[in-house]
Every structure is written in structure tokens, then in C-alpha cells.
Amino acid sequence: MDDVYAKFISRMNPTRVVIDNESCEHATIIEVVSANRHGLLLEVVQVLTDLNLIITKAYISSDGGWFMDVFNVTDCDGNKIRDEGFLNYIQKTLETDALRGLNGVMPCKEHTSIELTSTDRPGLLSEVFAVLTDLRCNVVNSEIWTHNSRAAAVIYVTYQETGGAIEDPKQLSKMNELLCNVLKVNSNFKTPRLTISSSGIMHTQRRLHQMMFADRDFERLEGVKHSSRNHVCVLDCNDRDYTVVTVRSKDRPKLLFDTLCSLADMQYVVFHGTVITERMEAYQEYYIRHMDGLPVSSEAERQRVIECLEAAIERRAFEELELELCTDDRLGLLSDITRIFRENGLCIKQAEISTRSGTAKDTFFVTDAYGKHVDPKIIGLIKQQIGQNILQVKGNLNTSPKLPQETARSFLFTNLFRSLSSQNFGLIRSYP
């Protein structure tokens, strides 16, 4: 009955999206108002992230059964969104996707999906892609993350002979057997996990967060000194029965999405929040409770929240050397590329694989075998083997990223609502 009532309220009060391009000089302001339901905040942020919008500020309020959030966004170059067609598309996408929900499995018969988690080791991806090539499977899309000696990958493949999903049970069984053999090599810490399915697809990055969390990549390894550049603080707000979580870190794309994924995976609900980015640093503050309505109640739970949020931020910090490959797609391409990387001592820390209209566009974040910066001479040798125009280096080979040294401000609960009323909501025009 509660679910029926929630759907009735949602239909009676459809999501309203207001886009204001006048009130702020440097950003487009998007206001989303709706009847609240579990997971809506993450879905809205997921839509904005998938549209390659950069969220520079956010004011979150989803208490009392209503969802009323404001986002300041720019394009990837830091400019306001001025294209009217794109603005209309943003509004329509937010209104339709917020109504139907995003975090379920979407039916798909075009690809076979492979999900795997394992101990990270040099050459792991090379061996996985070699197995798929031998099975005549073409990788059409994939994302791979590594963190804290763990690796997770979501890989979508088609069968070379049919161009569609693999349906033969014997082929699927053989694939499962061979990939399990690869994952079991040197898996000293935990049992590897492998799932092969043709039933549907889920948002890849959302799924990777779930997989890494389930694999407990946030647990700190014994004997390994942990030093995080991120500052997470978990405090009590007893007068309002919330737990206050503040996060200070280097700013980067998709940071808000990653943080909210972690809170959702830990079964916490965000009731109020503020996100502000300035000078390459990000400040996030959230007022949360567990889904059972209780705040954080023990020191062990507090420490777990800190470790999980740090892990979510670190999973794709993009501090490794970025290599971009663009060439005609073919069977075995990834097997050949990752073999060349392995033979030249490169370790793949993250990868994004995509194929569009017969063209492969892949991005790799790499280090040397010891996790250090790659020697430019090695990159030169690899480019000679792959092709000077096929493999491009993004950024400066000799530049290592630096974290800003500024200290962060803390935003008190009362300041949050003062900011909401005076800085944003009062500035946004009301449309009929």
C-alpha cells in the first residue's frame, strides 16, 4: 500500500525542472522539484553526469516527503550551457528519467555482459582480453577500475559470427571456465567473482561502485600504510537526529556522483546537503540517516563511513598517465594493445572502452610496474609499436598532479538553509 500511495503522489506531483541562465554569471542553474522517493537524488545526479555536465555547486533538500534541489552546472570547459536545444534536452531528460527511475536493469539482447572482480595484478586485463579473443568475442564497451589491490570490470561483448549476444550454453560455460582460471591466478586475498549474463544492462559506473563495495575494497590492507589525500569527517547532530558528513578533496568530474553512490551502497539517505567547488578543491556536507531512520550510532560505523567515502573518491582519481587510442575496431584489438602494454611494463589502473560505427575509442590510465610515473621513453617505444597517430598521450608526461593546499571551510546546518534561500531559490524565476 505504501508503494501504491507513493506512485499516486508522484503522478499527482510530477517532476518540475526549472533552468535559469540569467541569475548566475558563470553557471547554468537547474532546479528540480518533485515528490521525494528513495534513490531520486542519485538518479538526478546520474542524469547530469551522463550529460557531461560539471556540477560546481549543489544545494540538496529532500526532507518531509519533498525533493527540492538546485545544481549549478557548466560544460566540460567551464562555460554556461547556452544551446537552447541542449537545455530543452536536459529538462526533458530530467523530467522523464526522474519519473521512471534509472537504477534498475534495462533489457538487452544485443550484448553479453561480463562482470568480474579479482585481485589486481600486472597483465590481468591482457589475459582476460586474450581469452575473449580466442572465444571470438568482440569487446564493444567496457570499464575497468582498480583500487586497493582489487580490480573490477564490466565488459560487454558480442559474438563475432552473429554480431549479437552469446546464447549457446556451451559457449557461455566455456567462457566462464576459462575466465575463472585467469581470475584465480594469484588471488591471495579474496575469492574472485564472475557473472556472465545476456538478460540486461545496468548503468556501468553505478554497477562498478556496487561491485567494488561488495568486494570490500575500502578495507585497508594489513601492513600497508594508508595515506589519503581526502579528508572525511563524521559528526553527530543530536538536536536534529542527523549525522553530519563533511568531505574535502580535490575536485574532479563525477565526484558528487561517486560520493552519493557510496552513501547509497551503505544504505544511507541524504536529507540535506551542500556541495561547493572552488580553486580545484571540493567541499561536500551531508545530513544523513540510515534507511532505518537512525543516525550513525557507533565508532565502528563512523570509521566504516569514512573508509567507504575515501574509497569511492579514490577509485577513479585520474592521477595516472592517460593514453587515448582511436582506430578501426577489429577482433583481438584490445588483446594486442594490452599485451603491448604488459610487455613494456605498464599497469592499467583504469580503462574506458567504447566502439561506435566501427571505430574503437579507448582510454587507459597507466603507471609503471611499481605504480610510479611512466618513463617517456617507454611511451615512445609503445607508440612505435601501435602507431604514432593511433595512440595519443593526454597531458604532460613529466607533470605529476598536485593537490591544492587550501584549507576547507565548514558549513553549519543553519548556513545551509541561509544559502538555499538567499543565493539560489530566490533568484530562480517561476515558470507556469
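**Exercise 1. Work out whether Asp265 is buried or exposed in this predicted model, then do the same for the residue that forms a salt bridge with Asp265.**

Step 1. Start with Asp265: its relative accessibility is 12%. The cut-off for buried is under 20%, so Asp265 counts as buried.

Step 2. Now find the partner. Asp265 forms a salt bridge with Arg206, and their closest N and O atoms sit 2.7 Å apart.

Step 3. Check Arg206 in turn. With a relative accessible area of 5%, Arg206 is buried too.

Step 4. Place the pair on the chain. Arg206 belongs to helix H6 and Asp265 to helix H7, so this salt bridge links distant parts of the chain, 59 residues apart.

**Exercise 2. Take the salt bridge between Arg302 and Asp236 and say which of the two residues is buried and which is partly exposed.**

Step 1. Get the distance: N to O, the side chains meet at 3.7 Å. The limit for a salt bridge is 4 Å.

Step 2. Locate both ends. Arg302 lies in helix H8 (residues 299-314) and Asp236 in strand E11 (residues 231-237). They are 66 residues apart, and the pair links distant parts of the chain.

Step 3. Compare accessibility. Arg302 has a relative accessible area of 17% and is buried, whereas Asp236, at 43%, is partly exposed.

**Exercise 3. Classify both residues of the salt bridge between Arg216 and Glu219, then look at the salt bridges beyond this pair.**

Step 1. The side chains of Arg216 and Glu219 meet at 2.4 Å, N to O.

Step 2. Arg216 has 37% relative accessibility and counts as partly exposed. Glu219 has a relative accessible area of 29%, which puts it in the partly exposed class as well.

Step 3. Widen the view. Searching the whole structure turns up 18 salt bridges. Arg150, Arg193 and Asp215 are joined in a network of them.

**Exercise 4. Describe the second largest pocket: its volume, its lining and the elements that supply the lining.**

Step 1. Volume first: about 510 Å³.

Step 2. Next, the lining. It takes in 27 residues, and those closest to the pocket centre are His38, Gly39, Leu40, Tyr268 and Val269.

Step 3. Sort the lining by class: 13 residues are nonpolar, nine are polar and five are charged.

Step 4. Trace the elements. Helix H2 (40-50), helix H6 (204-214), helix H7 (255-265) and strand E13 (268-278) each contribute at least two lining residues. Helices H6 and H7 are also the ones that hold Arg206 and Asp265 from the first exercise.

Conventions:
Residues numbered from 1 in each chain as written. Predicted model: local features only at pLDDT ≥ 70, side-chain atom pairs only at ≥ 80, totals over all residues. Heavy atoms only, no water. 1 Å grid on protein atoms, 1.4 Å probe; cavity = no way out; pocket = protein on both sides within 12 Å on 5 of 7 lines; lining within 4 Å. Points joined across faces, edges and corners; volume = space filled by probe spheres on them. Helix = DSSP H or I, 4+ residues; strand = E, 2+ residues; numbered from the N terminus. Nonpolar A, V, L, I, M, F, W, Y, C, P; charged D, E, K, R; others polar. Buried < 20%, exposed > 50% of the residue type's maximum accessible area, 1.4 Å probe, protein only.
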